[in-house]
Amino acid sequence: MECEDRDEIHKCVIKLRVNPQKRREKVYIGCGAGFGVKKLNYLVLECLAERTLAERYQVMVSGGDGYDSRILDWMRLLLPLAMERRTCLITNMGAMDPCGAQEKVLEIASSLGLSVSVAVAHEISVTKSGSSSLDKSYLMEGGASTYLGAAPIVECLEKYQPNVIITSRVADAALFLAPMVYELGWNWDELQHLAQGSLAGHLLECGCQLTGGYFMHPGDKYRDISFPQLLDLSLPYAEISFDGTVCVAKAEGSGGVLNVSTCAEQLLYEVGDPGAYVTPDVTIDIRYVSFHPLSSSEVLCTGAKPSASSVPDKLLRLFPKDCGWKGWGEISYGGSECVKRAKAAEFLVRSWMEEVFPGVNCHILSYIIGHDSLKATSIDDIASCLKTSEDIRLRMDGLFELKEHAVQFVREFTALYTNGPAGGGGISTGHKKEIVLQKQLVDRDHVLWRTGVEQSPLIIESNSQGAALEGLTKTHVHESALPPMTHADTSNLVTDLSSPKINLSPAPSGQKIPLYDVAHSRVGDKGNDMNFSIIPHFAPDIERLKLIITPQWVKEVVSTLLDTSSFPNSDANDKDKWVDEHVKVEIYEVKGIQSLNVVVRNILDGGVNCSRRIDRHGKTISDLILCQRVVLPP
């Protein structure tokens, strides 16, 4: 669908707003389907990632929808309540086809008996002659997409005051920053405000990961959350004031946990250099950000500021590129010597493939689920890792240049049913074409965007809206109004009000202990690079951890990820040489939360879109890090 009411074409250069109006003293912005509070001004659904964007492109090329089809279910659920509460919905679920998504949302609104204005903000393609193509100009050549900033959304709010805004690829934090700029009257040169606003957006963008999701760890006294509490998580929201004060919160009485630890993990998630976290609107220095609990459901966030290079001159563009054909297979073995039978099965499949296509074995990765698929073993235990196991699953995964290689791999793996070791069962196989998203920095004035709006027909009589609202009352939401947040002096506040009362003390010295006992961590990925945090439970322990977490230590720990088999041969020297030449480690200290942020480059087997590992994002590598045993100095 091509948007009918389209605005002029804009370049992504910084252009100051003319006489911006302050519409509110404070704005309340929620994340996801977070109608846990009644007075949200905006609700943001951030639903795009590198992998989902690549998948949308593949689906669209095959004749499917270029937008996230889940938008239909979300809007059917949220539109009646949003209209009732006058909450504007903002989402990047438009992905590759925001105007197609706009059309579907208008259809849903009409079916619900709602008169809704739906705006779009998206990048556009320009022909070689310099003119914009009128036929789906929002479909970029070759499926390319650029991370846009907040300006297109701000324009939608200024010109249309819509009920819904659907975007193409917009930076996560910018989705949240835009309504702050619009409502609070900020301008693009007020960099301190933009830094604090982008901090709020970054904290909110992963939803429940701020409020206890992806945090709970049984047996860890610092992170243990009961099952009922975990089941009752609240999506977060933020209160942002005109002066840049930011407070994040969860619904009163909800489960989960919102505290310094959950905020710290989200702060360092996928930021790279914390002294220069790049967004399209402002480059932020978060090294001195700190968190101050105001209650069990509110945390004050301070300390974000613009970095020395405050606004990026270039924007990040991703464009799909074919990276070959994936072929994979899994088979289970149990009981006596099942690991040895898996070893035999791997040997057979590799041998059969080599007979047909000599030289392809270097493209095949294998591991044993239930044994070593996640490599979450202390480097001290690698020699004894062939421990007794009676329930394992062999997985082999190849990334080949040609489709016929992937198809042949599936055939050879399936032959294990008749020609392999005894007792193998539950075979699953498959093959598919894979793409990667390559990165390119482009000048701002080479990136163009446009907005537009359409209105669903006004329907005078309809029972569907009432039925929709009645249905919504049956869904589980926390009906707590937004309380006024009092930002008291927190300079001497050290108590984490939302955590169990735990006596914090230094970790023991002079003995081997797992890092689990000293710190917690979360891993994020950007392309082929991994970003993990080291956040000590007892903040002063950071000084001792800095002596242990060195680039060489990190390389030694993560090098096991590069093994191509559960039964490595004598090529260890070649692997070590490759690690030294290609794997780069950067370690940053984040003084505000007394933590480390570690970036490891070229370690994720090509990145999420083509990795042959079972954990394509590398999320479980946090356990590989934390299970290492270390000796802390006195």
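Reader: Leaving aside its neighbours within four places in sequence, which residues is V410 in contact with?

Author: Those would be W328, T429, G430 and H431. Keep in mind that this is a predicted model. V410 itself sits in helix α10, residues 403-414.

Reader: What makes V410 count as buried?

Author: Its relative accessibility is 14%, and buried means under 20%, so V410 falls on the buried side of the cut-off.

Reader: How far apart are V410 and M396, in sequence and in space?

Author: They're 14 residues apart in sequence, and their C-alpha atoms are 9.9 Å apart.

Reader: Staying with α10, why are F409 and F413 called a tilted aromatic pair?

Author: Start with the distance: the ring centres are 6.1 Å apart, and rings pair when their centres lie within 6.5 Å. Then take the angle: the planes are 35 degrees apart. Stacked would need under 30 degrees and edge-to-face over 60, so the pair is tilted. As for their places in the chain, F409 and F413 are four residues apart in helix α10, which means about one helical turn separates them.

Reader: What about F400 and F409, how are those rings arranged?

Author: They're also tilted, with 6.1 Å centre to centre and 45 degrees between the planes. Ring pairs link F400, F409 and F413 into a cluster.

Reader: How do you know that F409 and F413 are buried?

Author: F409 has a relative accessible area of 0%, and F413 also comes out at 0%. Buried means under 20%, so both qualify. F400 is buried as well.

Reader: Which residues have the most contacts inside the largest nonpolar core?

Author: M180, I240, V248, L267 and F291, in a core of 76 residues. Helix α5, residues 172-184, supplies the largest share of that core, with nine residues.

Reader: Why is α5 described as largely enclosed by the rest of the structure?

Author: Because 13 of its 13 residues are buried. Right after α5 comes G185, which has a positive phi near 70 degrees.

Reader: What does M180 touch, not counting residues up to four places away in sequence?

Author: Its partners are V27, I29, G185, W186, G197, A200, G201 and I240. There's also a second, separate core of 32 residues, including V557 and L604.

Reader: Why don't C610 and C323 count as a disulfide?

Author: Their sulfurs are 4.3 Å apart, while a disulfide needs them within 2.5 Å, so that's too far for a bond. C323 holds the closest cysteine sulfur to that of C610. For C206, the closest cysteine sulfur is in C31, at 8.1 Å, so that's too far as well. The structure holds zero disulfides.

Reader: Is C206 buried or partly exposed?

Author: Partly exposed, because its relative accessibility is 23% and that lies between the 20% and 50% cut-offs. C610, at 6%, counts as buried.

Reader: What makes the phi of Q161 worth pointing out?

Author: Phi is positive there, about 45 degrees, although Q161 is not a glycine. Most residues other than glycine have a negative phi. Q161 lies in the loop between α4 and β7. E337 has a positive phi too, near 55 degrees, and lies in the loop between β15 and α9.

Reader: How do you know that the charged end of K22 sits over the ring of F242?

Author: The charged end is 4.2 Å from the ring centre, and the distance limit is 6 Å. R522 lies over the face of Y269, at 5.4 Å from the ring centre.

Conventions
Residues are numbered from 1 along each chain as its sequence is written. This is a predicted model: local features need pLDDT of at least 70, side-chain atom pairs count only at pLDDT 80 or more; totals for chains, interfaces and linings use all residues. Side-chain values use heavy atoms; hydrogens and water are left out. A nonpolar core is a set of buried Ala, Val, Leu, Ile, Met, Phe, Trp, Tyr and Cys residues joined through side-chain atoms within 4.5 Å. Buried means under 20% relative accessible area, exposed over 50%, partly exposed in between (1.4 Å probe, protein chains only). Helices (H or I, at least four residues) and strands (E, at least two) are DSSP runs, numbered from the N terminus. Contact means heavy atoms within 4.5 Å. Rings of Phe, Tyr and Trp (its six-membered ring) pair if their centres lie within 6.5 Å; planes under 30 degrees apart count as stacked, over 60 as edge-to-face and the rest as tilted. A charge sits over a ring if NZ of Lys or CZ of Arg is within 6 Å of the ring centre and within 35 degrees of the ring normal.
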